[in-house]
Structure formats: structure tokens, C-alpha cells
Amino acid sequence: QSTLVVAEHNNEKLTPITLNAITAASKLGGDVSCLVAGTDCAKVVEQISKVKGVKKVLVAQHASFKGSLPEELTPLILETQKQFSFTHICAGASAFGKNLLPRVAAKLDVAPVSDIIEIKSPDTFVRTIYAGNALSTVKCNEAIKIFTVRGTSFEAAPTEGGSAASEEVAASSPAGVSEWLEQNLTKSDRPELTSAKVVVSGGRGLKSGENFKLLYDLADKLNAAVGASRAAVDAGYVPNDMQVGQTGKIVAPELYIAVGISGAIQHLAGMKDSKTIVAINKDPEAPIFQVADFGLVADLFKAVPEMTAALNK
Amino acid sequence: MSGRVLVGVKRVIDYAVKIRVKPDNSGIVTDGVKHSMNPFCEIAIEEAVKLKEKKLIKEVVAVSCGPQQSQETIRTALAMGADRGIHVEVTGKDYEALGPLQVSKIMAALAKKEDAQLIILGKQAIDDDCNQTGQMTAALLDWPQGTFASEVALEGDKVKVVREIDGGLETIKINTPAVVTADLRLNTPRYATLPNIMKAKKKKIANMKPADLGVDLTSRLEVLRVDEPPQRQAGVKVETVDDLVAKLREAGTI
């Protein structure tokens with residue numbers, strides 16, 4: 001038994017969710033190898049070879065891997081699989097992993113298992129369905145098991161203590177059917193949403209994009225990331241990459257502060273695994289209070305600045 | 001590009017329904033529960049119809065795989081502006097086991113049969129939340145894929161797709177034929193108007209079986225059980241911001 005983890009990175013740094021995927025892979029038992037495919041990824045290879053639990057790092061460098069296009073990475077993974085015959089192939093359930101692994105799976109005529117939250121045995125996984133309103137235990141009878149891993153459900157593997165050997169794998173010839181043009185990443189000095197210890201999120205109750213400043217001020221006091229409900233995104237207050245929920249990002253911080261969010265099931269699916277949940281809403285009947293550890297029925301426009309001020313004390 | 005677009009439309013439990021797990025943990029209660037078109041599929045249909053209205057494509061074909069009732073979902077797509085429908089009938093045990101891999105095989109076979117230039121699908125269905133069918137259909141056809149699209153522009157024989165990724169947006173350009181999957185912000189689906197609902201009744205829905213397309217429905221995934229997620233207990237209400245901050249400090253959270 002052996003597992004391949006497809007590493008996500010930007011040629012400079014490993015994306016944190018890969019560490020969660022490595023933990024999941026380690027739980028299966030057997031050797032864990034990581035595939036790093038990029039244009040110039042020596043730094044990433046160095047990082048990942050120190051990660052505890054990784055036995056081998058497979059490296060493929062080629063100009064065609066720019067932008068991690070699935071059309072280019074899929075043939076590489078298939079070649080790697082041919083060479084090493086892994087029993088499991090996995091990646092983080094991020095935009096990268098969700099885009100890539102189903103393509104690989106279809107090529108192998110394998111039904112993949114998306115976004116797993118628990119491993120019961122090497123062929124049995126738990127995943128959420130219906131926006132987290134039910135848990136499905138799935139047995140995968142495929143010869144090769146292919147799955148993506150929900151980052152918040154597995155600890156990150158320690159980034160020290162490993163000493164994996166690295167090995168070049170041959171890059172396949174470019175498919176050349178797709179071209180990566182550009183990336184526009186939202187710039188922020190705040191922590192990244194899915195890995196932040198504290199998240200402050202705003203909903204339609206904020207009434208405008210400008211009013212999110214109240215949340216940014218509070219977030220800066222708490223060293224928190226700022227998220228939003230789908231309603232706030234749909235209303236155009238903030239960009240979609242801030243969306244927390246089943247169709248956005250799944251977060252599970254130590255502290256989640258929901259401000260002016262009613263608590264649609266879709267939103268709850270994205271945050272209900274947070275350790276402590278605070279809800280601030282003027283509607284005492286808002287469903288968010290049913291999952292909140294601490295609920296404050298108040299006008300957010302008064303309460304949030306008050307809270308920011310109180311944190312100074 | 002001036003061809004045919006296939007759009008997949010899935011019948012799912014309506015997004016507003018609070019689902020219930022069956023007492024024997026074998027699945028979700030679906031009998032007597034309101035079903036609708038998967039919201040992401042509505043966005044996919046809207047995008048295809050818009051391309052047709054801009055005269056960038058000739059025909060929009062809505063496809064649904066499932067039991068007889070899937071035809072209602074196809075009718076909705078026709079009322080939104082699709083030209084015709086294809087119902088691939090899957091029932092009983094086959095329908096229970098029908099997953100993204102099997103649907104991808106059906107979509108890929110149809111794409112060849114219909115000589116489609118573009119397939120637009122929702123990025124995921126709100127029942128199984130798999131987010132796989134588009135990627136797998138593209139793989140089976142060896143076509144490029146533009147997943148999680150928030151903007152689609154046809155440029156000659158290529159498609160420019162702006163994609164929703166974790167940290168923001170990404171722009172790619174892919175050859176056609178291609179598969180595109182719709183994310184939330186791609187467009188706002190229209191409501192079907194009464195005249196269009198009436199018109200849709202006259203549009204044709206072809207009926208076929210997976211076997212007619214040479215697709216084997218064998219699934220090697222087995223759902224062992226379905227459970228309710230652990231319920232979170234509601235905590236306490238606090239009266240003031242100071243109370244709240246004090247409680248959080250007490251708990252060591254801040």
C-alpha cells in the first residue's frame with residue numbers, strides 16, 4: 001500500500017492544505033510520496049522533504065506546468081502512477097485539488113471521493129453531503145482510491161522532522177490545449193481565511209461594502225481573517241473569495257464571530273466546526289443563535305465598534 | 001464558434017428544503033419532498049441561453065439523467081430558453097448508484113453523438129456536493145476544462161474563462177471543444193415567464209437509455225450509511241458587549 005499526495009504550491013511555497021492531505025495520507029498506512037510539479041520548484045521540494053511522514057518527493061519541472069493547468073498535470077500524474085502503482089492518490093480539497101483529481105480519476109476509470117472528513121479504513125471514507133446536513137460513509141471498491149481531503153478535518157503534518165529523498169520524474173510532452181493567462185489574488189495583510197485562528201464574518205446585515213470596515217477594524221485587533229456570507233457576496237459588498245459556506249470556503253477556526261449573518265444552512269455548513277462561535281445579530285430569532293456559543297442580540301453598528309474598543313482595554 | 005452547446009441539468013431536492021436522514025440510515029428521505037433544478041445548473045443554462053441570444057452559438061440542448069421526473073427539470077430548462085432536451089432514463093437501483101463518473105460517461109457519449117462544441121455544467125450539485133462531473137467529462141473527451149467559471153467569453157475557436165480560485169480569480173484560455181463549469185457569480189438565472197413555459201411544452205425531449213449510448217452504469221462506490229451530523233448545542237445569550245468580551249477572555253479564546 002502506498003499513497004501519492006499531489007502537492008499544491010506556487011513554486012515558492014507549499015500551500016498549507018497539502019500538509020493536511022499528507023496527514024490524511026499517513027493515516028492510511030503505507031508509504032507517502034508527494035508529487036511536486038512546477039516550473040522552478042526547488043524551494044518547495046526542500047520544504048516538503050522536511051515534512052514529517054513523507055518518504056519520497058517526486059519532482060517534475062517544465063514550463064508547461066505554469067499555472068498548474070489540469071490538462072498538463074493529468075498526463076504527468078498518469079505517467080507517475082504507471083511507474084509507481086500507488087494504491088491511493090489524494091490532494092487537498094482546494095480549488096486546485098477539486099479541479100485536478102476528478103480529471104485524473106476519470107482517465108483511470110475510477111470514481112473519486114470528494115472532500116473527505118474522516119478515514120475509517122483504507123477503503124472507507126466519511127464525507128458530507130447536502131451542505132453538511134448529512135454525513136455519508138462511502139466504501140470505495142476501486143483498485144486505486146482517489147480522493148480530496150477537507151483541510152479543516154485533518155491536522156497539518158509537522159513541517160520539521162522528515163527527511164524524504166527526492167527523485168525526478170519525467171515530464172510528459174505538453175498537451176497544449178489550454179493556456180494560463182493571469183491570476184488576480186486579493187491582496188490582504190490579514191491571515192488567510194481557511195488557516196486563521198480567528199475569523200470575523202459579515203452578512204447582509206452590514207448593508208454595504210463600506211461598512212465592512214467595521215469588521216476589518218475588529219479583525220485587526222484579533223489578528224483575524226475576514227469572511228462573508230453568500231448573501232453579502234451576492235449583494236456585491238465583498239468579493240467571492242471571502243465567502244464562507246458550502247459553495248465558498250470551509251473554515252474551522254478557534255473563534256468565529258458572525259456579524260449580521262442570519263445563519264442559512266448553507267453558511268452554517270462552512271463554519272459550524274469552529275471551536276467557539278459568537279453571533280451578533282439584532283434579530284433574536286436568527287438561526288445563527290442556535291449554533292452560537294455566545295449570542296448577542298444587538299445592533300451591529302453599535303456593538304462591533306464597542307467590541308473593537310473593548311479589546312483595547 | 002457557432003455550434004451546439006450541451007448543458008447538464010440535475011434534479012435535486014430543492015435548496016430550501018430541510019433534508020431528513022432516513023431512520024434506517026440508508027440515505028435521505030426523497031419521497032414527497034419538493035425537487036428543483038440544481039441552482040448551479042440554472043446558472044449553466046442561463047449562460048448557454050445568453051450565448052445563443054448573442055448569436056455566438058446555434059443551439060442549446062438540455063440533458064438530464066434520472067427517472068421520469070427528470071423531464072420536469074428539462075422542461076424548466078426549455079422554459080428558460082434551451083431549444084430541446086435529452087432525457088437519459090436511469091431508474092431504480094441504477095439511479096440510486098448513479099454518480100458523477102457514470103453521468104460523465106453519458107455526457108461524453110452525448111457530446112460525440114451531438115457533435116457539441118461546448119458543454120456547460122454547474123460546478124457541483126447541492127445534493128452530493130461532489131464537484132466532479134465537469135472535470136471528468138472533459139477528461140473522458142480529452143477536452144480542456146474551465147471549471148468554477150465566473151466569466152466566459154468566446155474568442156474565435158477558444159474560450160476565455162475567468163475562474164474562482166481560493167485566493168481570488170484566475171484567467172485561462174482554452175481550446176474548443178471544451179467543458180465549462182459554472183460558479184455562482186457567472187450570471188443571475190432568469191425566471192421562466194408564463195409564455196415561455198407554454199412555449200416550452202412544444203419543444204422536443206428525446207428519450208434514451210444509457211445502453212443506447214453504450215454506457216455501462218456499474219458503480220464501484222458503495223454508500224454504507226448516512227448519518228445526521230453531530231448537532232451543535234446553542235450556548236448562552238449575553239446582554240452586552242462587555243459581557244461578551246469578558247466571557248471570551250474567561251474562556252481563553254481572546
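This report walks through a predicted model, mostly its chain B, with one stop in chain A.

## Chain B at a glance

Let's start with the whole of chain B. Its secondary structure comes to 7 helices and 13 strands, and its C-alpha trace spans about 65 × 45 × 40 Å along the principal axes. Of the 254 residues in chain B, 52% are buried. The accessible surface is about 11,400 Å², with 50% of that belonging to carbon and sulfur atoms.

How do the contacts run along the chain? If you take contacts in chain B between residues at least 6 apart in sequence, 70% of them join residues at least 24 apart.

## The annotated stretch

An unreviewed UniProt entry marks residues 25-217 of chain B as "domain: Electron transfer flavoprotein alpha/beta-subunit N-terminal". In the model, that stretch is 32% helix and 30% strand. The C-alpha atoms at its two ends sit 24 Å apart.

## A helix tucked inside

Helix H4 of chain B covers residues 100-113, which makes 14 residues. From its first C-alpha to its last it reaches 20 Å, close to the 20 Å expected at 1.5 Å a residue.

Is this helix enclosed or open? Largely enclosed by the rest of the structure, because 11 of its 14 residues are buried. Among them are B:Pro100, B:Leu101, B:Val103, B:Ile106, B:Met107 and B:Leu110. Some polar company is in there too: B:Gln102 and B:Ser104 are on the buried list as well. Just past the end of H4(B), B:Asp115 takes a positive phi of about 55°.

## A glutamine touching both chains

Now for B:Gln132, in the loop between strand S6 (118-122) and helix H5 (133-141) of chain B. Its relative accessibility is 2%, so B:Gln132 counts as buried, the cut-off for that being under 20%.

Which residues does B:Gln132 touch, leaving aside its neighbours within four places in sequence? On the chain A side there are A:Pro102, A:Pro112, A:Val113 and A:Ser114. In chain B, the contacts are B:Pro100 and B:Lys123. B:Pro100 is a residue you have already met, as one of the buried residues of H4(B).

## Unusual backbone spots

A bit of background helps here: most residues other than glycine have a negative phi, and most peptide bonds are trans. A few places in this model go the other way.

B:Phe148 isn't a glycine, yet its phi is positive, at about 55°. You'll find B:Phe148 in strand S7 (residues 145-155) of chain B. With a relative accessible area of 3%, this phenylalanine is buried.

Over in chain A, A:Tyr130 also has a positive phi, near 50°. This tyrosine lies in the loop between strand S6 (124-129) and strand S7 (134-140) of chain A. A:Tyr130 has 13% relative accessibility, so it counts as buried.

Where is the cis peptide bond? One joins B:Thr176 and B:Pro177, with omega at about 0°. B:Pro177 belongs to the loop between strand S9 (168-175) and strand S10 (178-182) of chain B.

## A nonpolar patch outside

To finish, take a look at the surface. B:Leu194, B:Ile197 and B:Met198 form a nonpolar patch there, with about 290 Å² of accessible area together. B:Ile197 is part of helix H6 (residues 194-200) of chain B. How accessible is B:Ile197? Its relative accessibility is 33%, so B:Ile197 counts as partly exposed.

Technical notes. Residues numbered from 1 in each chain as written. Chains lettered and ligands numbered in written order. Predicted model: local features only at pLDDT ≥ 70, side-chain atom pairs only at ≥ 80, totals over all residues. Heavy atoms only, no water. Patch = residues over 30% accessible without salt bridge, like charges linked within 9 Å, V, L, I, M, F, W, Y side chains within 5 Å. Areas by Shrake-Rupley, 256 points an atom, 1.4 Å probe, with all protein chains shown as cover. Salt bridge = Lys/Arg side-chain N within 4 Å of Asp/Glu carboxyl O. Helix = DSSP H or I, 4+ residues; strand = E, 2+ residues; numbered from the N terminus. Buried < 20%, exposed > 50% of the residue type's maximum accessible area, 1.4 Å probe, protein only. UniProt positions renumbered as here; feature names shortened; annotations may be inferred. Expected span 1.5 Å × (residues − 1). Contact = heavy atoms within 4.5 Å.
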